[in-house]
Structure formats: C-alpha cells, structure tokens
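Reader: I would like to practise reading a model one feature at a time. Could you walk me through it, starting from a single residue?
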Amino acid sequence: MRVAVVGTGYVGLVTGVCLADAGHAVVCIDTDEAKIAELKAGNTPIFEPGLEEVLQRTISAGRVSFTTKLSEGVDGAAVVFLALPTPPQDDGSADLSYVLSVAKALGTLDRPEFQIIVDKSTVPVGTSEKVTEVIRKEGGTNFTVVSNPEFLREGFAVTDFMKPERIVVGTDDERAVQIMTSLYAPFVDDSRPLIITDAPTAELSKYAANTFLVAKISFMNEIAHICEETGADIDTLRDILGSDSRIGHRFLFPGIGYGGSCFPKDVRALYYTSEYYGYEFKMLNASLAVNAQQHAVPVERLKEHFGGSLKGKKIGIWGLAFKPNTDDIREAPALTIIDMLLEEGAIVSAYDPEAIENVKLHYSRAKEITLSYHKYAAIEQADALIIATEWQEFREADLERVKTAMDKPVLFDGRNIFKSEDMRTAGFTYYSIGRRAVVQPN
Ligand code: NAD
C-alpha cells in the first residue's frame with residue numbers, strides 16, 4: 001500500500017520505516033531539511049534501539065523515501081499519517097496548530113483516489129472532526145479522517161510498533177476500516193488485536209492509557225513516603241502489590257517522578273478536556289502535584305545532608321534523558337533537578353550515555369553546567385552523586401571507582417537501582433526513594 005507519513009520524529013519515523021519493513025511503500029515528510037538529509041543518508045536523527053537497522057534495510061529495499069515537500073510526498077498515497085507535535089499550551093490544552101496547518105495544506109491538494117488521513121498524534125476528542133472540517137473548507141473531497149493513536153514507548157519503539165499490544169482505529173467509515181485492517185494486517189494476530197471503534201473513543205483512549213500509568217507511578221511515589229516514615233520496605237511492598245493479578249508488576253517503581261514529551265502534557269491536556277466538559281478530574285491534578293514534589297526530593301535531601309545549603313557543593317548527575325534507552329530530554333526530571341541545584345548555588349557536572357548533544361542544543365542552562373562524556377569524570381571530586389535515569393550502565397557501575405572519585409561518597413539513587421544494604425557495606429551514604437537513609441559514621 002502507498003503510505004505517506006507527515007512528521008518524521010519519534011513516532012513518524014518509527015511508523016514510516018516499520019510500515020515499509022512490512023512491505024508498504026512509504027514516503028516520510030518533514031519540514032526539517034537537516035533531518036530529511038540525514039535520513040536520506042541512512043542515519044537516524046534520534047537514538048532509538050534497532051531503528052537505524054530498519055531504516056537502512058528499508059532504504060536498501062527501496063520501500064521508504066524522504067522529502068520536505070508535502071504535495072509530492074502525499075501524492076497517490078492511500079493513507080496519510082499525521083505524526084505531528086501537539087505540545088501543551090499555557091492553559092494545558094493541546095496545541096493543534098501543527099496538525100491543523102497540515103490539514104489545511106492537504107485540503108488544497110487534488111485527490112483523484114479516496115484517501116485516508118490518519119491522526120496519529122495524541123489529540124483531544126473532537127480533533128478528527130476538526131481536521132475533516134479544515135480539509136473540507138479548503139475544498140478537499142474524497143477523503144476520510146481516522147483516529148489511530150500511537151502507544152509505542154521510546155526506548156522500545158521499534159518492538160512496540162512491530163508487536164503492538166493493540167492497535168486502535170477510530171472511524172465509522174467502512175472503507176477506512178477495510179483499508180486500515182489491510183494496512184495493519186502484518187502486525188495483528190490473536191494476541192495483538194486491531195480494535196475498531198469510533199473516533200472519540202480512540203482519541204480518548206490514548207489519554208486514558210497514559211494518565212492511568214501516571215496514576216500508578218504517582219501512587220507508588222506517595223506510598224514510598226509512608227514507607228520511608230514507617231520503616232516498611234518499599235521493595236517487598238511492591239512485590240506484594242505486583243503479585244496481585246488485578247494490579248500487576250509493571251509501573252510500580254517509585255522514583256524522582258515521570259517526565260518525557262507525553263506523560264506531563266497528556267495529564268494536563270486531559271485535565272483541560274474534562275474542565276471543558278464541566279468535570280474536575282481530581283486525580284490528574286494530584287498526580288501533577290506528586291510528580292513536582294518527587295522532582296524536589298533529591299535536592300531537599302542533599303540540602304539537609306549538607307546542613308541546609310548546597311552553595312558551592314559539586315553535584316554529579318548521572319542520567320539526563322527522561323528515561324533509559326532514549327536521547328529524549330523533553331521534560332526530563334534531571335533537568336528540573338539541575339535547575340533547582342543551580343538555584344541553590346550548587347556546581348553541576350552531568351553525564352548521560354546518549355542525551356548530551358540534545359542537552360547542549362535544547363537545555364537553556366546547558367552553559368552553566370559541565371557536561372561530561374565519561375561517567376566517572378563527571379563525579380571527580382564531587383560532594384554527591386544523583387542518579388536520575390536508570391541506564392543499565394549505572395547499575396553495572398564500578399562502585400569502588402565511584403568512591404575513589406568522590407571524597408566522601410554520598411549517593412542519591414533517584415531510581416532505586418541499588419540495594420540499601422549493599423551500599424552500606426560498600427561504604428556509601430545512600431539516599432533512595434521510600435527507604436530509610438544509610439548514613440556512614442564520620
Ligand atoms: P517529534 O517532535 O519527535 O516529531 C514531530 C516531527 O514533526 C518533527 O520532526 C517536526 O520537524 C515535524 N513537523 C513539524 N511541523 C511539520 C509540518 N508542518 N510538516 C511536516 N513535518 C512537520 O514528536 P513525536 O514525539 O514523534 O510526537 C508526535 C505526536 O505523537 C505527539 O502528538 C505525541 O504526543 C505523540 N506520541 C508520542 C510518543 C513518543 O513516545 N514520542 C508516543 C506516542 C504518541
């Protein structure tokens with residue numbers, strides 16, 4: 001099938017190359033010329049495990065191509081995906097300007113064959129209708145708009161796209177159902193259903209899924225505070241909760257809070273939608289408050305540890321990406337923590353295996369910190385180390401080297417990657433989430 005994907009970011013690029021890998025003929029379109037040039041050369045502009053291999057394979061097979069020209073890219077496509085940004089506006093609502101401006105441009109194009117325009121961006125209920133109206137207003141005919149939210153996780157995006165837990169298609173157009181079913185046939189089986197529903201249900205499903213996950217994380221972060229106060233063991237508690245099949249083991253890890261380009265914005269956008277319909281979605285605000293509180297925990301603990309001030313203290317940060325296996329730093333907790341440390345007068349030295357270039361390019365205070373390409377160099381002479389992202393290489397770190405690099409080893413483990421007892425034996429003063437502090441005698 002001929003497919004066009006408008007917007008070649010985390011979602012669009014993965015969608016494009018994975019559909020091409022399954023045998024479709026795909027054109028990926030983006031306004032970013034540098035990105036398109038890089039993709040044409042077979043290089044991925046983002047770090048995503050397995051993506052470059054699929055990209056190069058599909059380029060070699062001649063099934064994917066890249067362009068900056070919308071009209072050229074969508075010409076003759078049976079399906080046009082919109083994988084465009086929907087960032088939060090000041091009031092929390094999703095900014096639909098990228099989606100609607102492309103819809104407007106699509107409206108002006110000739111469409112001799114029936115075409116399906118697919119909203120793959122995370123968009124509020126009613127967007128399919130809005131996109132339809134905009135295209136029609138520009139004179140567009142012979143099309144339908146379908147909602148097809150994307151559930152992939154950064155860091156596992158290729159696997160998630162190739163082996164989705166479900167695919168959701170929202171439409172009441174029978175032709176669209178047939179075409180979307182055939183498009184996704186290579187990715188569907190008995191355990192990976194294609195769920196056909198109406199557009200509002202599909203649109204809401206993505207927000208519901210993300211905010212439910214956020215509720216799980218936030219619950220664990222709150223219960224972690226109670227564990228810390230009472231001495232209850234958060235790790236055993238997590239096992240006990242997770243063994244209950246109604247709860248499940250996943251997303252029960254307490255930490256310094258969630259980040260990324262989706263969770264924070266989707267919580268705010270759903271809150272805005274509910275308010276718009278006259279309902280106050282109370283759990284959403286609570287989860288945002290818990291999350292903000294979690295970001296502050298390492299700074300507060302270390303401040304306490306150093307007698308009330310972090311002025312002049314050198315703090316090493318391991319992990320800048322919002323989670324492991326990605327270079328994405330959008331709304332990364334590490335950056336919020338660095339902001340707070342700088343406000344406290346601390347000296348910050350940070351390391352991440354993949355995200356340093358993005359920090360240099362997109363973090364407004366990058367010049368005020370030292371960015372290191374080596375994890376041990378980042379903590380040379382540091383007064384404390386904060387682990388902000390649970391990269392595997394931090395779990396495997398040589399603790400003796402960490403100890404030697406720092407004068408008196410003080411570690412705040414924001415992702416609970418180590419065990420308190422091990423850290424006590426290793427001679428660290430060790431803070432983590434939901435567990436009592438390990439303090440070494442002076
Ligand atoms: P992104 O910022 O990585 O990519 C968006 C791309 O669109 C960029 O490359 C940008 O240059 C391009 N673009 C902007 N305007 C354009 C235009 N007029 N024409 C062509 N291209 C244009 O964003 P993303 O992370 O891929 O997210 C896209 C959407 O998918 C968002 O709504 C997001 O909420 C949703 N989503 C994201 C993820 C994720 O993990 N990143 C997962 C599921 C859903």
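Reader: Leaving aside neighbours within four places in sequence, which residues is Q89 in contact with?

Author: Happy to start there, and keep in mind that this is a predicted model. A contact list counts residue pairs with heavy atoms within 4.5 Å. For Q89, once neighbours within four places in sequence are set aside, the list holds A94, D95 and R268. R268 is the distant partner in sequence: 179 residues separate it from Q89, yet their C-alpha atoms are 9.5 Å apart.

Reader: Where does Q89 lie, and is Q89 buried or exposed?

Author: Q89 sits in the loop that links β4 to α5 (97-107). As for cover, buried means under 20% relative accessible area and exposed means over 50%. Q89 has 37%, so it is partly exposed.

Reader: That loop also holds L96. How does L96 count at 10% relative accessibility?

Author: L96 counts as buried, because its 10% falls under the 20% cut-off. Not counting residues up to four places away, L96 touches T86, V123, P124, T127 and K130. Separation in sequence does not settle separation in space, though: L96 and V290 are 194 residues apart along the chain, and their C-alpha atoms are 28 Å apart.

Reader: Let's go on to the strands. How many bridges join β4 to β5, and how do they run?

Author: To read a sheet, follow the bridges from strand to strand. β4 (residues 79-82) is joined to β5 by four bridges, and the two run parallel. In this pair, V79 stands opposite I116. β5 (residues 115-119) then connects to β6 through five bridges, again parallel, and there I117 faces V145 across the pairing.

Reader: Which residues point each way from β5?

Author: It helps to split a strand into its two sides and check the cover on each. From β5, Q115, I117 and D119 point one way, while I116 and V118 point the other way, and all are buried. That accounts for five of five residues in β5. β6 (residues 143-147) likewise has five of its five residues buried. Its one side carries F143, V145 and S147, its other side T144 and V146, and both faces are covered.

Reader: And how should I read a helix?

Author: An α-helix has 3.6 residues a turn, so residues three or four places apart point the same way. Now look at α13 (residues 333-343): its buried residues are P333, A334, L335, I337, I338, L341 and L342. They pack against α12 (282-305), β9 (314-318), β10 (347-351), α14 (356-362) and β12 (384-387). After the helix comes G345, with a positive phi near 85°.

Reader: Stepping back, what does the whole chain come to in helices and strands, and what does its radius of gyration agree with?

Author: There are 17 helices and 14 strands. A compact globule of 442 residues would have a radius of gyration near 22 Å, and the chain's 24 Å agrees with that. Along the principal axes, the C-alpha trace spans about 80 × 45 × 40 Å. Buried residues make up 52% of the chain. Among contacts with a separation of 6 or more, 70% are between residues 24 or more positions apart.

Reader: What about the exposed area and the charges?

Author: The chain exposes about 20,000 Å², with carbon and sulfur atoms supplying 51% of it. For charges, compare mean positions: those of the 45 positive and 63 negative charges are 2 Å apart.

Conventions
Residues are numbered from 1 along each chain as its sequence is written. This is a predicted model: local features need pLDDT of at least 70, side-chain atom pairs count only at pLDDT 80 or more; totals for chains, interfaces and linings use all residues. Side-chain values use heavy atoms; hydrogens and water are left out. The radius of gyration is taken over C-alpha atoms; the globule rule is 2.2 Å times the number of residues to the power 0.38. Buried means under 20% relative accessible area, exposed over 50%, partly exposed in between (1.4 Å probe, protein chains only). Accessible areas come from the Shrake-Rupley method with a 1.4 Å probe; for residues, only the protein chains shown count as cover. Lys and Arg count as positive and Asp and Glu as negative; His and the chain ends are not counted. The place of a charge is taken as NZ of Lys, CZ of Arg, CG of Asp or CD of Glu. Two strands pair if DSSP finds at least two bridges between them.
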